[in-house]
Amino acid sequence: MTKKQAMTRAGELLGLVGIPDVKQRLTSYPHQLSGGMRQRVMIAMAISCDPKLIIADEPTTALDVTIQAQILELMQRLSEELGTAMIIITHNLGVVARYATKVVVMYAGRVVESGTSHDIYENPRHPYTLGLLSSVPRVDAKIGSRLDPIHGLPPDLIDLPPGCSFAPRCRFMIDKCLEETPDLTSVGDLHESRCWRAEDLADVAPAGTR
């Protein structure tokens, strides 16, 4: 591209991600843009070469809730309009519930559960997934009620213990968990869990998730 063509294309991309007054913004410095605008510029850069896949690692970090929603809606719209697949890496379970089609839960570098968002929220089959859902604050919780945290610390990834990596923190642990690492096995259509007691968890779910 010539410089003129590049500026024209940059303007098109900024307009596509919803940045107003494109001509002025093309000559702006990062410190002259808000956090939400800077995030939109990053998205414009990401789609500039028409990728088949975008990996967004914590795309809403440091943004307020309103801007988070705008950015996520934008990413979802662009994914549909451009036919681009998107992987979102996040610890925000609200983002997962609203925007993800398929969910992969990881612990200590391994997939411990995968399935549709409906599977993960309505029928979790791994103790770590259950722990994540139980530890989320709820607006309908009684005043004075306490969160249910996951006790203990993550393992040393350089020196993982034998068996299931989550076993030392798991309230469903049995002796086998400390000795043998379970495989990722099917617990339903498109739903898999890496847990020896996955079937026993079928009727266990955090309050309010069903």
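**Entry 1: the lining of the largest pocket**

I sorted the lining of the largest pocket by residue class, and I counted 20 nonpolar, six polar and one charged residues. I keep in mind that this is a predicted model, and I note that the pocket has a volume of about 960 Å³. In total 27 residues line the pocket, and I looked up which of them lie nearest its centre: these are I88, I89, T90, V96 and V104. I then asked which elements give two or more residues to this lining, and I found α4 (65-82), β2 (85-89), α5 (93-99), β3 (102-107), α6 (117-122) and α7 (127-134). Of the elements, β3 gives the most, with five residues.

**Entry 2: β1 and β2**

Since β2 appears in the lining, I followed this strand to its partner, and I found that five bridges join β2 to strand β1, residues 53-57, with the two strands running parallel. Which residue of β2 is the bridge partner of A56? I found that I88 is this partner, and I88 is also among the residues that lie nearest the centre of the largest pocket. I traced the chain through β1, α4 and β2, and I recorded that they make a right-handed β-α-β unit.

**Entry 3: the sheet that holds β3**

I turned next to β3, and I placed this strand in an open sheet of four strands, whose order is β3-β4-β6-β5 and whose pairing is antiparallel. Why is one side of β3 and one side of β5 left without a neighbour in the sheet? Both strands stand at the edges and each has a single partner strand, so there is no neighbour in the sheet on the other side. I also noted that neighbouring strands of this sheet are turned by 30° against each other on average, with direction ignored. Looking for a helix against these strands, I saw that α7 lies across β3 and β4 (110-116), and that α7 runs at about 100° to β3.

**Entry 4: the hairpin of β5 and β6**

At the other end of the strand order I looked at β5, residues 185-188, and β6, residues 191-193, which run antiparallel and are joined by three bridges. I picked out G188, and I found that its bridge partner in β6 is H191. The hairpin has two residues between the strands, and in this hairpin I noted that L190 takes a positive phi near 60°.

Conventions: Residues numbered from 1 in each chain as written. Predicted model: local features only at pLDDT ≥ 70, side-chain atom pairs only at ≥ 80, totals over all residues. Heavy atoms only, no water. Pairing = 2+ DSSP bridges. 1 Å grid on protein atoms, 1.4 Å probe; cavity = no way out; pocket = protein on both sides within 12 Å on 5 of 7 lines; lining within 4 Å. Points joined across faces, edges and corners; volume = space filled by probe spheres on them. Nonpolar A, V, L, I, M, F, W, Y, C, P; charged D, E, K, R; others polar. Axes fitted to C-alpha atoms, helices over the stretch in contact; angles between N-to-C directions. Contact = heavy atoms within 4.5 Å. Right-handed = clockwise from strand over helix to strand, strands pointing away.
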